[in-house]
Amino acid sequence: MTWWLFRDWSTQQQCTCQSMDIGALHKKMVDTPLAQVGKNLTEAMRILEDGQGVLEQRTDGSLVSRTNIPGPLQIDGQDIASILQLVHSLIHEEEGDENPKPHGVQNVGEQGHMALLGHSLAAYISVLKRERLRKLTTRIVSDTTLWLCRLFRYENASAYFHEDDREGVVKVLRLAINANYEDYASEGYAVLTSKQPIIYQSASGRPELGPHMCNQLGLPLSSLCTVPCNTLFGSQHQMDIALLENLIKEDLESGKMPLLLIANAGTPGAGHTDKLGRLRDLCDQYKMWLHVEGVNLATLVLGEETSVMEATKSDSMTLTPSPWLGLPAVTAVTLYRHEDPALSLAAGLTSSQPVEKLRALPLWLSLQHLGNGGIIQKIRHAILLSQHLLQQLKSVSSIKTLVEDEFNSPVVLLRFSHKLSSVSSSGSGDAYCAGEKDTLDVFNKWLGEQLAQTVPASGVDVVELDDEGTCVRFSPLLTASDLGTQSEDVDNLVTKLLDLVPLMTSTMAFSQDFKEELRKHSPYLRYIEEHGWPGLGAVRFEPQVEGIDDSRREKELKKINTELLKKLQELDTDITFSTGLDFASQKDCIFISMVADDVDVAELVETIAMLGRDIEENGRLLENMTEVVRKGIRDAELELIKANDERLMEEGMLRQLPVVGSVLNWFSPVQTSVKGRTFNLAAGSLDSTEGTYSSKAQAGRPPLKDSPILSTERLQGQKLFRRSGTASDSCDQSLIGQCEESIGIDPSISINSPEDDSTCQLVPEEKQDCCLENQGEQVEDKGILEERKLEGQEDQTPP
């Protein structure tokens, strides 16, 4: 069959399929069970893709949930609908949740249904008679091989279909061993001891591929040689050919056999392509097998002259059409050229079992459904998406792109980069230089996670590269078909990137300033070095308490920082404060998120220090107040007893008798004055209230003053910690109101320092009681005092 016949035949088949609906197709195949296969698959997919499907219910109305609890096989067989309902629940049902929820199942399109239909048909075809099955599978494999060779311009090749994309190169290596060791078929691995086979792989290739090959074929790891990439000239991801040639010569001199070279047409991380032409010449010179793999092989269908075109001269290459075309459960394909079919059969590249050839059936159906034009259109769409993003990123500052071929690149790597000259607003960039690369890696990882979360249709992910570090990768060849990525998604990706870049730039600029401000507030505030935190930094408030053991100090530190974090989270600001559970290597720290370029770092640090000191002082006051009040109550009781004794001495015993005392008080009243007492919390002493009652005002109480740092006014809509040239005073006042609310300052309470002689009174008494730890005991003691005082006044009242 020629290529023109294939194109005309596939076009006719596509038009025929599009002109008939499923019902007409079923009528046409009414005499065959094949129609039932397609019908069952359609119904099954409808049930499984319905995220709002109704679960099976018991007679009492409760939902049947066997998701996590395996049970015995039921005696009676279940119908197809019941089994599909169970599968649906296993896919969508949440543990302990009665509402089924989707679990991110890929949206299988029309071409995906065709691939899934191929698996169903493969099971059906496998029951045909052996001769009929052999002819059918031979036709399927021949057609698929021809179409792939024509599409990817790899003429006169055979194809091996495999589920694991690493299995193809394993079979190819076995083929190379059979071809280079004549007695391998009879003597096995004993012949390898005379000349150890050597496999060469690029350092930028898949790291698990080489050990997997050695493990599958029983070769020692010493048979694997990793070739470094260029370090002085060329791309940092391309194999160093001069060094490779030296390694080959050394192996030949030591009696080893260079056997296989694995080259990259699109490295897994950066998407770079090795110099395939020079590698081909090197393999011809030393009679080595050249195998090529990589995502850039998909661009061969475009027919454009690029460095990837040299892959068509290799001995074999592995294709992965499943992600490129959005085909679920479709096998990978290894195309290879070898003239001896017996060696291919011995290597496992071909099989005499017709059932194994049915692996190609889903791909056979999918290629026909897409057609030559549909396949090219999907690959070209992915390339255009990469070009569109690359063009948009040229105008984004602080973003560095790492692209091998700007005119035809299927993979775009981007990385946030920041110059040292603008690291710190105070000009202290040298101090930040030491950890700059680590910080940039952390910021780029955060950037990739944010982009993937906010624009999931873009399919971006984070990759770690040895030389560049952490980068954000956009590879639509691997994701666009599954996610349905369009140019609008790329625009949304750039828009989100423009929002995040200024945030990261300002955070890095203020990072050193933040450290310096924390040093000014030492020893109260301590900077915590957390290299994995994507934000301004981490801080801890250190309580200045002496004479306590480490255990109590640890509890005090945790208590204060927990309360401080709570107060900071209550502030009206755009800055996020958290515990950083996923990043913290030290406990009891406060992590500060990314900050904007108008943040006032000095004001931020000052507020943290002030709130921490207030929490510490209030905690100490509450701890000491109970003991002070108890002592004051005891002193008050002694004063009352003493005053009562003095009154008895002045009035005499006769006045204490109920009847006699009343008569004496009526004839000769006693002029006595009430001697009140006030309790000074600061001094812990009892003072007289004569001055208070004589002036009818509380003496010694200064008026409330505004905090030197905080005030009570703020511009409407103004956030905290924002610098403003026209409203700086209002911004300072705004900070006061927020912190007063968070600290809980009561204007009716005045607590003077111990240095002042003025009394400190708590008015009203209900608020005094709230400040005590042992509230019940204090109220009881106060009631005793009031009762005794009233008794004394009643005794002095004339009848």
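Among contacts in the protein chain between residues at least 6 apart in sequence, what percentage join residues at least 24 apart? I looked this up before anything else, and for the protein chain I got 69%. I note here that the model is predicted.

**Entry: the whole chain**

I counted the secondary structure of the protein chain and wrote down 25 helices and 17 strands. I then looked up burial: the chain has 799 residues, and 44% of them count as buried.

**Entry: α7 and α9**

I turned to a pair of helices. Two packed helices are described by the angle between their axes and by the distance between those axes. I took helix α7, residues 167–180, and helix α9, residues 209–217. Their axes lie 10 Å apart, and the packing angle is about 55 degrees. The angle is why I entered α7 as oblique to α9. I also recorded that α7 passes α9 in a right-handed crossing.

Next I listed who makes the contact. From α7 I have E167, V169, V170, L173, R174 and I177. From α9 I have L209, H212, M213, Q216 and L217. Sorted by class, the residues of this contact are seven nonpolar, two polar and two charged.

**Entry: α15 and α17**

I looked up a second pair. The axes of α15 and helix α17 (residues 476–483) come within 9 Å, and I noted a crossing angle of roughly 115 degrees. I therefore put α15 and α17 down as roughly perpendicular to each other. Their crossing is right-handed.

On the α15 side, the contact is made by K378, I379, A382, I383, L385 and S386. On the α17 side, I found P476, L477, A480 and S481. The class count for the contact of α15 with α17 is seven nonpolar, two polar and one charged.

**Entry: H388**

I stayed with helix α15, which covers residues 361–393, and picked H388 in it. Is H388 buried, partly exposed or exposed? Its relative accessibility is 25%, so I wrote partly exposed.

I then checked what H388 touches. Leaving out neighbours within four places in sequence, H388 is in contact with S487, V490 and D491. With D491 there is a polar contact from side chain to side chain, at 2.8 Å. For S487 I looked up the C-alpha atoms: S487 and H388 are 99 residues apart along the chain, yet these atoms are separated by 7.4 Å.

**Entry: Q201**

I moved to strand β2, residues 197–202, where Q201 is found. Q201 has 5% relative accessibility, so I entered this residue as buried.

Which backbone oxygen does the side chain of Q201 reach? I found that of R206, at 2.7 Å. R206 is also on the list of residues that Q201 touches, not counting those up to four places away in sequence. The others on that list are L209, G210, L224, C225, T226, V227, M239 and I262. I had already met L209 as one of the α9 residues in the contact with α7.

**Entry: S322**

My last look was at helix α12, residues 321–325, which holds S322. Apart from neighbours within four places in sequence, S322 is in contact with L327, P328, A329 and V330. A polar atom of the S322 side chain lies 2.5 Å from the backbone oxygen of L327.

I also looked up S322 and D482, which are 160 residues apart along the chain. Their C-alpha atoms are separated by 9.5 Å.

Key: Residues are numbered from 1 along each chain as its sequence is written. This is a predicted model: local features need pLDDT of at least 70, side-chain atom pairs count only at pLDDT 80 or more; totals for chains, interfaces and linings use all residues. Side-chain values use heavy atoms; hydrogens and water are left out. Helices (H or I, at least four residues) and strands (E, at least two) are DSSP runs, numbered from the N terminus. Buried means under 20% relative accessible area, exposed over 50%, partly exposed in between (1.4 Å probe, protein chains only). Contact means heavy atoms within 4.5 Å. A polar contact is a pair of N or O atoms within 3.5 Å; within protein, one must be able to donate a hydrogen and the other to accept it, and residues adjacent in sequence count only if both atoms are side-chain atoms. Axes are lines fitted to C-alpha atoms, for helices over the stretch in contact, and angles run from 0 to 180 degrees between N-to-C directions. Angles under 35 degrees count as roughly parallel, over 145 as roughly antiparallel, 65 to 115 as roughly perpendicular and the rest as oblique. A crossing is left-handed if the near helix is turned anticlockwise from the far one by less than a right angle, and right-handed if clockwise. Ala, Val, Leu, Ile, Met, Phe, Trp, Tyr, Cys and Pro count as nonpolar, Asp, Glu, Lys and Arg as charged, and the others, Gly among them, as polar.
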